[in-house]
Amino acid sequence: MLTSYTPGIECAKELDQKDPLAHFRNKFHIPKNADGEEWLYFTGNSLGLQPKQTKNHLQQELDDWANLGVEGHFEAKNPWMPYHEFLTESMAEIVGAKPIEVVIMNTLTTNLHLMMVSFYQPTKTKFKIVIESDAFPSDRYAVETQLQFHGFDPTESLIEWLPRKGETLLNIDDLESLLEMQGDEIALLLIGGVNYYTGQSLDLKKIAELGHQKGCKVGIDLAHGVGNIQPNLHESGVDFAAWCTYKYMNSGPGSLGGIFVHERYAHDTSLKRFAGWWSQNKATRFDMRQPLDIIPGAEGWQLSNPPILSMAAIKASLELFNEVGMDALRKKSIQLTGYLEYLVLELKNDRISIITPKDPNQRGCQLSIQVKNADKSLHEKLTQAHVITDWRTPDVIRCAPVPFYNSFEDVYRMVELLKLILNA
Ligand SMILES: *Cc1c(COP(=O)(O)O)cnc(C)c1O
């Protein structure tokens, strides 16, 4: 499937012509500069672009609210009471889960805490948590404060899975040795499935196996994985996962997150949890005076009646995902990112290196490009040229060509501009 690329723009044009997903770009709003020229947008890993159909989905709910008030809970075109259920099947398919394992609720960091309430049950001897080195700050803060909440000192009980000296990427063998040495004291692994900084995509099944061998629970943060790679959560065997929907899921700033709780816990009422009225059996929820009777599966972790406007944006996006399918999206993604990698290496600039793994199975769409001796002015010049990328100090440009709406020509033009700026 991997095409052999050539350096000129003709290659980009040909790849776009042959791209069966090319027409999806037109289903998104691409930001433009004052002259109407489209930006080269490579930050779908931070905030995905808006599908054009999102507005209609939001408008529908605004209209139903205007016309029906509280009756909208049952009478709206998409009744609000079961609204989250309309999202479950598509969401489950995207992460490779069964519908009973998935629900859309809350935001990511909130969900990490709720998952840890259930899956981080430390004892005096088994209490440590492993995270990957350079974890996203929110995850680290969540884990540190969970440890403190249970009376442990993060400096002793938070363990980082580190890359080897002089390396940037993680090696699964090192997690294995870490577990061999300290596994008896480790209660939980909470690992970013795709690292936000390096773009490295980890083998979730292997991580789950290693953790479970030592009696640890295994949770995955999929913020950079969902809608990007195919994590096959059910098959991987991890205990839980959580993600947001505003990155590759294109569901709008601050939109709701999702969780996965493995089927093996679907009917396990012994798990501790924080509950609310939305955790309660739907048949008796509105009797208001019934004792707590938790819904089986992931839905049983819901607390509140959810914000429908945010869910409407997620619904709009999921319809596009249904239309294209993750297999096709991933196939284009591998080709598009391969093309970016090819062009960057073609620059033959010895200041530039790519820290993301070369193997497509070990990365999603993002490449993290390191530019020696660069500073933020490089990023500013790119932005002035309407190349929207993400800068991470000290010297890394994170660049995510998104198969839904980025073209091969976007990639070509981006690298041409990078070359111009570096040679100036
Ligand atoms: C984007 C991201 C977050 C953000 O968390 P919110 O609760 O949605 O603000 C957290 N963790 C990771 C790994 C992320 O990539």
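Student: Is Cys11 buried or exposed?

Tutor: This is a predicted model, and in it Cys11 has a relative accessibility of 7%. Cys11 therefore counts as buried, since the limit for that class is under 20%.

Student: And which cysteine sulfur is nearest to that of Cys11?

Tutor: The nearest one belongs to Cys399, 17 Å away. Cys11 takes part in no disulfide, and a search of the whole structure returns 0 disulfides.

Student: Why is Cys365 not bonded to Cys399?

Tutor: Cys399 holds the closest cysteine sulfur to that of Cys365, but the separation is 8.9 Å. A disulfide requires sulfur atoms within 2.5 Å, so this pair is too far apart for a bond. Cys365 is itself buried, with a relative accessible area of 1%.

Student: Let us turn to the ligand. Which residues are around it?

Tutor: The surrounding residues are Leu108, Thr109, Phe136, Asp139, Asp221, Ala223, His224, Tyr246 and Lys247.

Student: What lies 2.6 Å from a side-chain N or O atom of Asp139?

Tutor: That atom is a nitrogen of the ligand. The side chain of Asp221 also has a polar atom 3.2 Å from a ligand nitrogen.

Student: And which ligand atom pairs with the side chain of His224?

Tutor: For His224, the partner is an oxygen atom of the ligand, at 3.1 Å from an N or O atom of the side chain.

Student: How is the chain divided into domains?

Tutor: Domain 1 consists of residues 9–49 + 326–423, and domain 2 covers 84–305. Their C-alpha centres are 30 Å apart. Domain 1 supplies 30 residues to the contact, and domain 2 supplies 20 residues.

Student: Now the largest nonpolar core. Which members touch the most others?

Tutor: Met91, Trp243 and Phe404 do, in a core of 61 residues. Helix H11, spanning residues 308–324, is the element that gives the most to this core, with 8 residues. Domain 1 and domain 2 each provide at least three residues to this core.

Student: What does Met91 touch?

Tutor: Leaving aside residues up to four places away in sequence, Met91 is in contact with Val102, Ile104, Val226, Trp243, Met249 and Leu318. Trp243 is thus a neighbour of Met91, and both are among the residues that touch the most other members of the core.

Student: How many residues are in the second core?

Tutor: The second core is separate and has 32 residues, including Ala12, Phe42, Ile354 and Trp391.

Terms used
Residues are numbered from 1 along each chain as its sequence is written. This is a predicted model: local features need pLDDT of at least 70, side-chain atom pairs count only at pLDDT 80 or more; totals for chains, interfaces and linings use all residues. Side-chain values use heavy atoms; hydrogens and water are left out. Buried means under 20% relative accessible area, exposed over 50%, partly exposed in between (1.4 Å probe, protein chains only). A nonpolar core is a set of buried Ala, Val, Leu, Ile, Met, Phe, Trp, Tyr and Cys residues joined through side-chain atoms within 4.5 Å. Helices (H or I, at least four residues) and strands (E, at least two) are DSSP runs, numbered from the N terminus. Domain bounds come from an automatic or database domain assignment. Contact means heavy atoms within 4.5 Å. A residue is near a molecule or strand if one of its heavy atoms lies within 4 Å of it. A polar contact is a pair of N or O atoms within 3.5 Å; within protein, one must be able to donate a hydrogen and the other to accept it, and residues adjacent in sequence count only if both atoms are side-chain atoms.
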